[in-house]
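Here are some short exercises to work through with the model open beside you. Try each one yourself, then read on for the solution.

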Amino acid sequence: MTPDLMEAGAERLQQAQVRQVGASGGRSPGYGRIVVPGEVDVTHGRILYLEDVSVSFDGFKAINGLSLDIAPGELRCVIGPNGAGKTTMMDIITGKTRPDSGQVYFGSTIDLLRHREADIAAMGIGRKFQKPTVFEQLTVFENLELALAADKRVASSLAFRLNGTQKDRLAEVLETIQLTEHVDRPAGLLSHGQKQWLEIGMLLTQDPRLLLLDEPVAGMTDEETERTAQLFLSLKGRHSLMVVEHDMGFIRTISEKVTVLCDGSVLAEGTLDEVQADERVIEVYLGR
C-alpha cells in the first residue's frame, strides 16, 4: 500500500475522532507499529483498501483502475449496471481472481494478493453469493454447527463436541438471524429468505471482520426484504459490510454511503440521493 493512501486514511480517522494525548504524545499514527501475523490493523481508519486495481479477461477490462476503501464497522452499498465489475471486485478481494495490477489490503498490513481463498476466509473475510448455499438435508442448527471455526480434519470432526461457549455463540447467532424457532427444521424446508439468513448466520459463526454480500434480497418477499434490512443494520458497527444490490428501496433503508461502479471503476460516491441525482449515474444505470 502506498504511503499517501495510508496517510489519507489516517487523516480521515483523525477528523472523525478527538485527538487524545497518550503514549504517542498526540502524534499522528506512524508506521513503526509491530505487525502481528494475521491481525487486522485498522490504525489508519480503513479495513479494506483497493488501489488502482485492474484485470482483463480475453482483452475485456472487467476492472479498470478501481480504487475504494471501507472503514471499520461501515455498511457500504455498491450499485451499478450489469457488467460493471461488482462480482469481479468481490472475486479479487476474496482471492478467487488475481488482478493484473493494483493493490488490495485488508487493514493496513495484510496484502490480500499474497494469499489464497481459504486463507483469506480464515483471516476474517466472509462472502455470501446471490444463491444461498446451505446443507438442505441438515437442520438449521447442524448447518451452523458445521460452520463453526473449528478443526475440520476428519478425526477431529468425528470427535467434535460443542462446548458451552460455542453453544452460547450459536444461540446468539440464531437469535440474530431470527431462526431460533426453526432450529430443528431441515434447511431444505426453509423459505428462500430464511435460507439466505441461515447462510449469513453460517458466516457469522466464524466471526468475520468483513462481510461481502452479493444481491442478498434477490427473490425475497417484501417482508423478508424488510427483515434483512433490519439484520444488516444490526450487524453494522460490529462488522464491516459491503452489499451489492439492485433494489433501490432496500439500499435506501440501509445505506449511508453508496458507491456506483461502471466499466470496472468508480463512477460516483455519496449518499443515495446524491448518486441518484448524478447525471452520469442516471445515464448509465438509473435511466429517466
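**Exercise 1.** Is Asp 207 buried or partly exposed?

Before starting, keep in mind that this is a predicted model.
- Step 1: find the residue. Asp 207 sits in the loop between helix 7 and strand 7 (210-214).
- Step 2: look up its relative accessible area, which is 49%.
- Step 3: compare that with the cut-offs. Buried means under 20% and exposed means over 50%, with partly exposed in between. So Asp 207, at 49%, is partly exposed.

**Exercise 2.** Find what is unusual about the backbone angle phi at Asp 207 and at Gln 178.

- Step 1: start with the general rule. Most residues other than glycine have a negative phi.
- Step 2: check Asp 207. Its phi is positive, about 50°, although Asp 207 is not a glycine.
- Step 3: check Gln 178. Here phi is near 60°, again a positive value in a residue other than glycine.
- Step 4: place Gln 178 in the fold. It belongs to the loop between helix 6 (164-176) and helix 7, and it counts as partly exposed because its relative accessibility is 36%.

**Exercise 3.** Sketch the protein chain as a whole, using its secondary structure, burial and contacts.

- Step 1: take the secondary structure. The chain has eleven helices and ten strands.
- Step 2: ask how much is hidden. The chain has 288 residues, and 48% of them count as buried.
- Step 3: turn to the surface. The accessible surface is about 14,400 Å², and carbon and sulfur atoms hold 50% of that.
- Step 4: see how far apart in sequence the touching residues are. Take the contacts with a separation of 6 or more: 66% of them are between residues 24 or more positions apart.

**Exercise 4.** Which residue forms a salt bridge with Lys 128, and which parts of the chain does the pair tie together?

- Step 1: find the partner. The side chain of Lys 128 meets that of Glu 199, at 3.3 Å from N to O.
- Step 2: place both ends. Lys 128 lies in strand 6 (residues 125-128) and Glu 199 in helix 7 (residues 192-204), so the bridge ties together parts that are 71 residues apart in sequence.
- Step 3: check burial. Lys 128 counts as buried because its relative accessibility is 0%. Glu 199 is buried too, with a relative accessible area of 8%.

**Exercise 5.** Describe some other salt bridges in the structure, which holds 14 of them.

- Step 1: take Arg 46 and Asp 69, whose closest N and O atoms are 2.5 Å apart. This pair links distant parts of the chain, 23 residues apart: Arg 46 is in the loop between helix 1 (3-16) and strand 1 (48-57), while Asp 69 is in strand 2 (residues 60-70). Both Arg 46 and Asp 69 are buried.
- Step 2: go to Asp 278 and Arg 280, with their closest N and O atoms 2.9 Å apart. Asp 278 counts as buried at 18% relative accessibility, whereas Arg 280 is partly exposed at 44%.
- Step 3: look for a network. Salt bridges link Glu 74, Arg 76, Lys 257 and Glu 269 into one.

**Exercise 6.** Which residues does Leu 267 touch, not counting those up to four places away in sequence?

- Step 1: locate Leu 267, which is in strand 10 (residues 265-270). It counts as buried because its relative accessibility is 19%.
- Step 2: list its contacts. Leu 267 touches Val 260, Leu 261, Cys 262, Arg 280, Val 281 and Val 284.
- Step 3: pick out Val 281. It is 14 residues from Leu 267 along the chain, and their C-alpha atoms are separated by 7.4 Å.

**Exercise 7.** Which residues form a negative surface patch, and where is Asp 247?

- Step 1: name the members. They are Asp 222, Glu 223, Glu 226 and Asp 247.
- Step 2: place Asp 247. It is in the loop between strand 8 (240-244) and helix 9 (248-254).
- Step 3: check its exposure. With a relative accessible area of 32%, Asp 247 is partly exposed.

Terms used: Residues are numbered from 1 along each chain as its sequence is written. This is a predicted model: local features need pLDDT of at least 70, side-chain atom pairs count only at pLDDT 80 or more; totals for chains, interfaces and linings use all residues. Side-chain values use heavy atoms; hydrogens and water are left out. Patches are made of residues with over 30% relative accessible area and no salt bridge: like charges are joined within 9 Å, nonpolar side chains (Val, Leu, Ile, Met, Phe, Trp, Tyr) within 5 Å. Accessible areas come from the Shrake-Rupley method with a 1.4 Å probe; for residues, only the protein chains shown count as cover. A salt bridge is a side-chain nitrogen of Lys or Arg within 4 Å of a carboxyl oxygen of Asp or Glu. Lys and Arg count as positive and Asp and Glu as negative; His and the chain ends are not counted. The place of a charge is taken as NZ of Lys, CZ of Arg, CG of Asp or CD of Glu. Helices (H or I, at least four residues) and strands (E, at least two) are DSSP runs, numbered from the N terminus. Buried means under 20% relative accessible area, exposed over 50%, partly exposed in between (1.4 Å probe, protein chains only). Contact means heavy atoms within 4.5 Å.
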